[in-house]
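Subject: Structure handover

Hi,

Here is the structure I promised to pass on. Have it open while you read the notes underneath.

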Amino acid sequence: MTQALPPEAEQDEVMEISMGPQHPSTHGVFRMDVRLDGERVLRLKPVFGYLHRNHEKIAEAASYLAEIPYTDRLDYLCSMTNNWGYALAVEKLAGLTVPERAEYIRVIVSELTRLQNHAGMVGFLLQDMGASGTPLMYAFREREKVLDLFESLSGARMMCNYMRFGGVRVDCSAEWLGQAAKVVGGFGGFLDEFEQLLTGNEILMARTQGVGVLPRELAINAGVTGPGLRASGVNYDLRKVDRYGVYERFQFRVPLGEHGDVFDRYMMRVLEMRESVKILEQALRDIPSGPFIDPKARLRGLRPKVGEAYARIESPKGELGFYLISDGSPNPYRYRVRPPSLINLTVLEDMCLGQNIADVVVILGSIDIVMGEVDR
Amino acid sequence: MLGEGIVKGLAETARNFVGSFIDKDRLVTVQYPEERLPVAEAARNFPFLIYDGVDQEEGLRCVACQICEKECPPRCIHIEKSKDKKPDFIGKQQFYPAVFDIDVSVCMSCQICVEVCPFDAIRMDNNFELSTDDRFAGLLWSKEKLAMPNEHYLAIHPTEAAEVEARRAEEKAEAEAKKASQPAAVAK
């Protein structure tokens, strides 16, 4: 969908700018080669790979267990969901079952991850718009409460390394569940406050409504997933479609957008946080007692049968998939990640064409990328 | 009315600003080096080696089995096994690590070495202030620097350490009972 350049006579008006990789609004080391006519974007070329860490190849030399802490570092804001996606793939491959309590704990920590990711994402989006500090700090204040929960459960705020094949690493205490219920109980109030601050704000509306429209067909064709897809009005949420884990037991709705612009993508995050709070309330109420890990699952020396497996989950950013091929050895023969951030990024140029350069920053912020996942 | 949303938002920030003077939940900033938050019990940052008793050479629990070295995802542990043996806590002759180095700059604090250790010899410390101006020798910790008394473990992870202590006491009692019954069998 690249537009033709203006005629030769106007070529000298065209300016090429390299935004990033050290640009403060590029969410890490992301670079965009932008061709501009005045302030209007004529062409945009994303350049990435600055944070490439050889993630997939390392996994092929490491044991299945040793890969879990590396998945923390994919999308380093959502280590719990990354762990889950990978654990699910290995469980499929090795044929392990997960006890019920572990499934509930997984849902709880994943929805908490969604809360803190979306809160942070909205904060950063507003930061990109020039609301320097205030919304981001409010979001981080709440995020910190979730991270404290993660720390007291798994030992680390962000690099949790919490899930194991067949369950989770440590059980959560009744005390922890009480603390989690308190954080979840207070989150609705924070969202009201947050929306009071932002949703009706005329500046926010002017900067986001009708900006960076992603048409429904394009979103589907490009393989966009997650809130970005649902903002364009496509009802596709893996928690409803795949019903992995115990998601079929919870009552929640999938918010859908109408216009597919930046404002819809912002609203999607806020509404999803409200739905996550609902899921969390139900999960914290219904969590059964029992073992937190499959007693048959061994920590070391996992050698799955020859075969392959693909498992996907709805991570806060979209469909996060892990593909594994086992040749019967202690390390995977092939390991591949389907990162939602990277695939959602492919439509960036289409959303940015014809927009102002200042909106490029906002559109990029609304995709919600983490370079750890894009480059891997 | 145009501007209503902005006014509402400003009222919200004003509520937060004024609230920060009276409400503890709204004043969340901690002036770090002077003020410190309590560290969570589960918090982990960098491994240490446990020794029992007072002498760290004597009491080091590590038997240089090198499982952690193999399992460590970023491979930051380097172990060299000793030539001779020394008795462990139940009196069994075991090897000990002649060299046990961990590279602080490579370690990613994942705790897998702790989980795989069958001898309860390596545990996570919660000390996070490990920066140094010497990036070579200062970041490669030898076993002398890694060794910590068991009391330290009991102090930082009390719940987990209590379980470990109970299990080890049981093992020791079992071994002693076995030892006590053995001479009788020989005499027979």
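Below are some notes on two helix contacts, a pocket and the cavities.

First, the ground rules: this is a predicted model, where local features need pLDDT of at least 70 and side-chain atom pairs count only at pLDDT 80 or more, while totals for chains, interfaces and linings use all residues. Residues are numbered from 1 along each chain as its sequence is written, chains are lettered from A and ligands numbered from 1 in the order in which they are written, and side-chain values use heavy atoms, with hydrogens and water left out.

**Helix contacts.** Helices here are DSSP runs (H or I, at least four residues), numbered from the N terminus. The axes of α4(A) and α11(A) come within 9 Å and cross at roughly 155 degrees; axes are lines fitted to C-alpha atoms over the stretch in contact, with angles from 0 to 180 degrees between N-to-C directions. The two helices are therefore roughly antiparallel (over 145 degrees; under 35 is roughly parallel, 65 to 115 roughly perpendicular and the rest oblique). Among the residues in contact (heavy atoms within 4.5 Å) are A:Tyr104 and A:Leu115 of α4(A) and A:Tyr266 and A:Met273 of α11(A). By class, this contact has 17 nonpolar, two polar and five charged residues (Ala, Val, Leu, Ile, Met, Phe, Trp, Tyr, Cys and Pro count as nonpolar, Asp, Glu, Lys and Arg as charged, and the others, Gly among them, as polar).

α11(A) also meets α14(A): their axes come within 10 Å and cross at roughly 30 degrees, which makes the pair roughly parallel. Here A:Val262, A:Arg265 and A:Arg269 of α11(A) touch A:Val362, A:Ile363, A:Ser366 and A:Ile367 of α14(A).

**Pocket and cavities.** Both come from a 1 Å grid over the protein atoms alone: a cavity is a set of points where a 1.4 Å probe fits but cannot get out, a pocket is an open set with protein on both sides within 12 Å along at least five of seven lines, and lining residues have an atom within 4 Å of a point. A volume is the space filled by probe spheres set on the points, which are joined across faces, edges and corners.

The second largest pocket holds about 320 Å³. It has 16 lining residues, with A:Leu126, A:Ala131, A:Pro135, A:Leu198 and A:Asn201 closest to its centre. α1(B) gives the largest share of that lining, four residues.

There are four cavities of 30 Å³ or more, and the largest has about 100 Å³. Closest to the centre of that largest cavity are B:Cys62, B:Cys65, B:Cys68, B:Cys117 and B:Ala121. Its lining has 13 nonpolar residues, one polar and no charged.

Cheers
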